[in-house]
Amino acid sequence: MPTETFEFQVEARQLLQLMIHSVYSNKDVFLRELISNASDALDKLRLAVLRDESLDADASDLHIELEADQEARTLTVRDNGIGMSYDEVTRLIGTIANSGTAAFLQELKEAKDTAGADGLIGQFGVGFYSSFMVADEVTLVTRRAGERQGTRWTSRGEGTYTLETVDDAPQGTAVTLHLKPADPENQLHDYTAPWTIREIVKRYSDFITWPVRLLPAGTATSDAATDEETAAGEPETLNSMKALWARSRDEVSDDEYHELYKHISHDWRDPLETIRLQAEGTFEYQALLFVPSHAPHDLFTQGYRHGLQLYVKRVFIMDDCAELLPSYLRFVKGVVDAQDLSLNVSREILQQDRHIRMMQRRLTKKVLSTVKDMMNTDQERYRAFWREFGAVLKEGLVTDPDNRDALLAVSSFASTRDAEEPTTLAQYAERMPESQTDIYYMTGDSRQAIENSPHMEAFRAKGIEVLLLTDPVDEVWAETVGEYEGRKLRSLAKGDIDLGTESTDGEEGKDSGKDGQNEEYAGLLGWMTERLGEEVKEVRLSSRLTVSPACVVSDTDDMTPALEAMYRAMGQEVPAVKRILELNPEHPLVKGLNRAYAQDGDRTELADTAELLHTLAVLAEGGRPKEPSKFVRLVADRLERTL
């Protein structure tokens with residue numbers, strides 16, 4: 001058959017122009033596209049041979065070859081797979097009507113940015129045309145397995161293409177690119193350079209099932225050729241073909257898993273845990289995840305790059321697919337290999353893809369169940385995990401209500417019960433006496449700071465267990481969660497806490513005469529509330545103090561100072577909240593202050609004493625005086641009088 005020239009469809013010409021002017025931000029992906037197509041062709045041939053034993057096809061050494069000619073500036077990607085007939089070339093390559101081109105171009109007009117266009121290219125499966133990003137001319141020679149005649153397709157991407165039959169075409173498909181001049185400034189590399197080819201194949205196609213072989217530029221023919229030169233003339237296999245996630249557990253050693261983890265994470269240490277997952281059914285994918293043994297130093301920085309490596313049929317798609325796991329599992333490393341995603345799926349599409357959301361739910365549950373198993377079977381490894389990642393995992397208590405129960409089940413907290421042994425909420429609840437109805441906690445910068453807080457005094461005296469929460473996120477999740485199995489989570493620094501009926505022996509507390517004390521101190525409390533009105537919402541007697549004269553607490557529904565500071569650090573304006581000043585009616589200083597007030601003399605100095613008492617309470621919880629210089633002057637004045 002003579003050579004025939006055809007015109008591309010109008011839509012196809014527009015698409016080609018789009019590719020020539022490089023809609024892809026990364027031009028290296030053209031090689032990924034061609035290798036992926038070749039791998040599919042090899043898969044199809046293997047299946048065809050199994051189904052039809054009479055098929056006249058050679059399936060003895062299925063592989064992909066790359067041949068670069070630096071002088072001619074050509075790169076050929078060749079496979080010995082299923083190949084295409086003349087009609088198939090016409091239907092699949094000559095025109096792209098079956099790729100939904102019209103719909104593609106319509107959506108492309110609506111895409112407002114290059115990233116959106118990039119995703120649409122992949123969505124409509126026109127990766128072959130990415131060759132025109134790097135080539136002035138593309139020639140495709142193919143012969144379908146079992147047929148005698150081949151087909152040659154040639155185009156410069158300028159509106160026409162030629163088709164002709166060839167008699168000497170080998171089985172399979174060869175795509176030859178006549179490359180544009182290298183232009184590093186525009187990310188157009190020299191794709192005839194062996195090191196460039198090796199790097200691209202290693203990055204994108206390392207786990208392809210079939211060997212990807214780079215043919216030598218030339219073979220030594222001199223009589224003096226050494227063994228090394230002869231070896232240099234052998235094809236070089238560029239990919240490892242070791243998709244560990246596709247092999248059964250008993251075929252892979254721990255060392256192999258650890259090496260893959262180190263390759264992915266750039267961590268020199270072995271992982272703490274390896275997690276395998278294989279999902280079958282309507283949507284198939286495989287996952288191999290790793291929990292590091294140590295948290296990266298930048299885990300909580302804004303620019304921390306996280307996410308799993310995403311593959312589609314062993315073809316590398318992206319390095320940090322954050323959509324596959326929630327943010328609070330951002331420390332998990334690994335790979336996910338899906339069977340039914342588009343090869344060029346973009347981040348914009350990932351955010352909307354129901355399969356991605358389905359994978360995220362399944363992967364999240366798998367990680368949390370693995371942590372739960374670790375907690376039940378190996379406490380030492382669990383403690384190592386929680387020490388490194390507990391703070392970030394607790395973010396999920398705020399952001400992921402669907403998995404909140406699972407997260408609470410694997411969370412543990414420091415407690416006043418044991419200085420070394422953390423406790424779970426379930427264990428805390430089991431130890432609660434019958435008279436105790438709430439789970440108590442206290443937040444602070446450190447265990448020592450919390451234990452020395454005035455808020456802890458009555459709880460320590462009565463032997464009531466308190467959770468000691470020292471991570472910044474604790475302020476937020478404890479407020480958000482609110483309760484555990486019907487028991488309220490109560491902050492020691494919020495609201496009015498009455499411990500009269502709570503003690504570890506379960507005995508009912510005796511009436512401490514609180515009503516009588518309120519009456520006795522009513523005048524002082526009212527006067528101090530008015531006097532300190534700019535600083536406090538209320539002054540009242542406390543049931544949580546046994547040693548300190550005073551403490552400040554937040555009202556039940558008010559924001560704590562730590563939470564205020566956190567929001568302000570994030571750039572959010574929050575109104576200042578007045579605190580409540582609580583006085584210890586049994587403390588000599590408070591008793592003396594009440595007597596002085598009752599004498600109804602000059603209250604100027606009494607006002608200074610009230611202000612000092614409030615500032616001391618603020619300092620005791622780790623706060624700062626509103627007017628440090630005034631505070632220093634008042635203290636210095638009092639000290640002078642003692643000399």
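User: Leaving aside neighbours within four places in sequence, which residues is D28 in contact with?
Analyst: In this predicted model, D28 is in contact with H189, Y191, I200 and Y204, once the neighbours within four places in sequence are left aside.

User: Ok, and where is D28 found?
Analyst: You'll find D28 in the loop between helix 1 (10–20) and helix 2 (29–51).

User: What joins the side chains of D28 and H189?
Analyst: A polar contact of 3.2 Å joins those two side chains.

User: Is D28 buried or exposed?
Analyst: D28 is buried, yet it has no salt bridge.

User: Why no salt bridge?
Analyst: The nearest side chain of opposite charge is R203, and that one is 7.0 Å away. A salt bridge has to be within 4 Å, so R203 doesn't make one with D28.

User: Switching topic: how many residues of strand 13 are buried?
Analyst: Six of its seven residues are buried, so strand 13 (residues 315–321) is mostly covered.

User: Does C321 count as buried or exposed, and why?
Analyst: C321 counts as buried because its relative accessibility is 0%. C551 is buried as well, with a relative accessible area of 0%.

User: How many disulfides does a search of the whole structure find?
Analyst: Zero.

User: Back to the strands. How many bridges join strand 12 to strand 13?
Analyst: Four bridges join strand 12 (residues 308–312) to strand 13, and the two run antiparallel. As one of the pairings, L310 has M318 in strand 13 as its bridge partner.

User: And what do strand 12 and strand 13 form?
Analyst: They form a hairpin with two residues between them. K313 sits in the turn and has a positive phi of about 55°.

Conventions. Residues are numbered from 1 along each chain as its sequence is written. This is a predicted model: local features need pLDDT of at least 70, side-chain atom pairs count only at pLDDT 80 or more; totals for chains, interfaces and linings use all residues. Side-chain values use heavy atoms; hydrogens and water are left out. Buried means under 20% relative accessible area, exposed over 50%, partly exposed in between (1.4 Å probe, protein chains only). Lys and Arg count as positive and Asp and Glu as negative; His and the chain ends are not counted. A polar contact is a pair of N or O atoms within 3.5 Å; within protein, one must be able to donate a hydrogen and the other to accept it, and residues adjacent in sequence count only if both atoms are side-chain atoms. Contact means heavy atoms within 4.5 Å. Two strands pair if DSSP finds at least two bridges between them. A disulfide is a pair of cysteine sulfur atoms within 2.5 Å.
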